[in-house]
Structure formats: structure tokens, C-alpha cells
Amino acid sequence: MSGWATKRFWKDTTPEAVEGGYGVFLDGRAVKTPAKAALVVPTQVMAEAMAAEWDAQDGEVDPASMPVTRSANAAIDKVAIQHAEVAEMLAEYGGSDLVCYRATTPQELIDRQVEAWDPLLVWAEESLGAKLKPVAGVMFEAQDSESLRKLSTLVHGFDNFQMAAFHDLVGISGSLIIGFAATHDLHPIETLWRLSRIDEQWQEDQWGRDDDAAEEAEKKHQAFLHAYAFFKMATN
């Protein structure tokens with residue numbers, strides 16, 4: 001069957017081992033991606049999570065309620081056919097990483113950024129072999145080329161499913177270093193989310209909560225948590 005059915009027509013949903021990994025079967029028929037590729041994932045836990053999403057469908061099939069399946073589709077239909085390009089795009093975040101660009105005023109915000117982000121830079125140097133420098137202001141300053149090369153090599157080392165998750169960890173946080181910190185379990189994922197939101201939290205503290213902005217932030221928050229969970233599924 002195709003990646004997305006319009007309405008539920010099946011009774012039984014089962015994850016099964018297949019050649020090259022695990023798949024999901026609906027009444028014995030293998031689910032495929034939207035591009036008609038075989039939906040084969042690397043781990044049993046990921047297949048079980050996808051099967052649970054399909055089994056939870058009632059009436060109209062709602063892709064928005066199936067994040068694991070959507071991420072697996074992205075890994076197969078998108079990342080797999082342009083792995084190097086995706087890796088290079090993500091590696092470029094290292095040259096202008098969120099945790100490197102610091103406010104020049106007020107002092108309280110400067111202090112918050114130092115407290116939150118300096119330890120991440122220390123960790124990146126010690127654990128990833130990449131020394132990045134903090135920059136005051138918004139003007140671009142080049143980072144050490146050898147450090148950026150090391151980070152790029154690490155990004156290129158992810159497989160398609162890990163890369164699909166890493167894409168969102170980095171893109172949502174705006175930080176290659178926070179993305180790596182998530183994949184290494186440097187801190188609980190909720191802590192890393194908060195570390196990515198230092199500037200936004202400062203603005204909220206000064207001017208109050210904006211409901212529309214808060215709603216959008218929560219969507220990103222949930223997507224960030226899902227990306228982490230998907231990375232763990234792909235790895236374990």
C-alpha cells in the first residue's frame with residue numbers, strides 16, 4: 001500500500017522483521033513511503049512505534065498524528081537520496097552557531113548566555129575536538145577551519161535515520177553544538193531545549209508572554225523532543 005491511506009481499511013497492524021530491518025504490515029500488506037519505497041527501518045522499537053501510530057488511526061488517517069512514520073518517510077524519501085547535501089547544510093551551522101553569538105547588552109542577558117552556553121563550548125572542545133569561540137554582537141566572524149572540518153566529519157557520519165532526526169535537532173535549536181549535545185545525552189533533552197531558548201526567555205521575562213509566540217514555541221518544543229526520541233530509536 002502507499003504511504004498514506006485516506007481512510008482506515010485494515011484490521012490488523014503488525015511490525016515484522018524484513019530484509020534489511022523492520023517494516024509495518026496492514027492486514028499482511030507492507031506499508032510503503034509516499035514515494036513508494038519500502039518503509040524499512042533499522043530497529044524493532046522504531047517499527048513498533050510506527051505500528052502503534054497506524055493502529056491508532058480511526059476513520060480518516062491523520063498524518064499529523066504519526067510523527068515516527070513521517071520521520072521514517074523523510075529518512076528514506078529525502079535524506080537517503082541527498083545525504084551528503086543534508087550533512088553539509090547542517091555542518092554549516094557550526095560557522096554561525098547560536099551558542100557562539102552573544103549579546104552586547106544588557107549585562108543580565110550577557111551573563112545568562114555565558115552561564116548557559118560557555119559550558120557547551122567547553123564540552124564541544126573536549127568531547128568533539130572542536131574549539132569554537134564566542135562572538136560579541138551579530139557581525140559574522142569566521143571560526144577555526146579545522147574545528148569546523150571535525151564537526152562536518154561527525155555530521156557526515158550519521159546514517160539516514162539519525163540524520164533525519166539530527167536535522168530537526170539542529171534546525172529547531174539553531175545550534176549544531178546543541179544538536180550534538182542531544183545525541184550524546186550531555187543533558188536531559190528538556191534542559192537542552194531551555195538552553196536553546198535563552199534569548200526568547202529573556203524577551204518574555206522583559207515584555208511578558210505573547211500567546212501566539214508561545215503556541216509556536218510549543219510546537220517547536222514538541223518537534224524537538226520528537227527528534228530526540230527518533231534519534232534514540234534509530235540508534236538503539
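Let me start with helix α4, where a kink of about 30° lies at W117, shortly before the proline P119. Please keep in mind throughout that what we are looking at is a predicted model.

How far apart are the end C-alpha atoms of α4? The helix runs over residues 107–128, and at 1.5 Å a residue its 22 residues should span 32 Å, so the 30 Å between its end C-alpha atoms agrees with what we expect. Just after the helix, G129 takes a positive phi of about 75°.

Now, which residues of α4 are buried? They are L109, I110, Q113, A116, W117, L120, L121, W123, A124 and L128, and you will notice that W117, the residue at the kink, is on that list. As a reminder, an α-helix has 3.6 residues a turn, so residues three or four places apart point the same way. The cover over these buried residues of α4 includes a strand, β4 (101–102), together with the helices α5 (145–156), α7 (176–183), α8 (189–195) and α9 (198–207).

That brings me to the core. In soluble globular proteins, nonpolar side chains tend to be buried together. Here the largest nonpolar core has 69 residues, and the members that touch the most others are V155, F161, F166 and F180. The largest share of this core, nine residues, comes from α4, the helix we began with. If we take F161 and leave aside residues up to four places away in sequence, we find that F161 touches V40, V41, P42, M46, A72, A75, I76, F230 and A234.

Let me turn, finally, to the sheet, which is open and has three strands in the order β1-β2-β3, with antiparallel pairing. Why is one side of β1 and of β3 left without a neighbour in the sheet? It is because β1 (13–18) and β3 (29–30) stand at the edges, where each has a single partner strand. Between β1 and β2 (residues 21–26), the antiparallel pairing extends over six bridges; among the facing residues, T13 has L26 in β2 as its bridge partner, while A17 stands opposite Y22 in β2. The hairpin that β1 and β2 form has two residues between the strands, and in this hairpin G20 takes a positive phi near 90°. Lying across β1 and β2 is helix α1 (residues 44–55), which runs at about 15° to β2.

Note on methods: Residues are numbered from 1 along each chain as its sequence is written. This is a predicted model: local features need pLDDT of at least 70, side-chain atom pairs count only at pLDDT 80 or more; totals for chains, interfaces and linings use all residues. Side-chain values use heavy atoms; hydrogens and water are left out. Helices (H or I, at least four residues) and strands (E, at least two) are DSSP runs, numbered from the N terminus. The expected span of a helix is 1.5 Å times one less than its number of residues. The bend at a residue is the angle between axes fitted to the seven residues ending there and the seven starting there. Buried means under 20% relative accessible area, exposed over 50%, partly exposed in between (1.4 Å probe, protein chains only). Contact means heavy atoms within 4.5 Å. A nonpolar core is a set of buried Ala, Val, Leu, Ile, Met, Phe, Trp, Tyr and Cys residues joined through side-chain atoms within 4.5 Å. Two strands pair if DSSP finds at least two bridges between them. Axes are lines fitted to C-alpha atoms, for helices over the stretch in contact, and angles run from 0 to 180 degrees between N-to-C directions.
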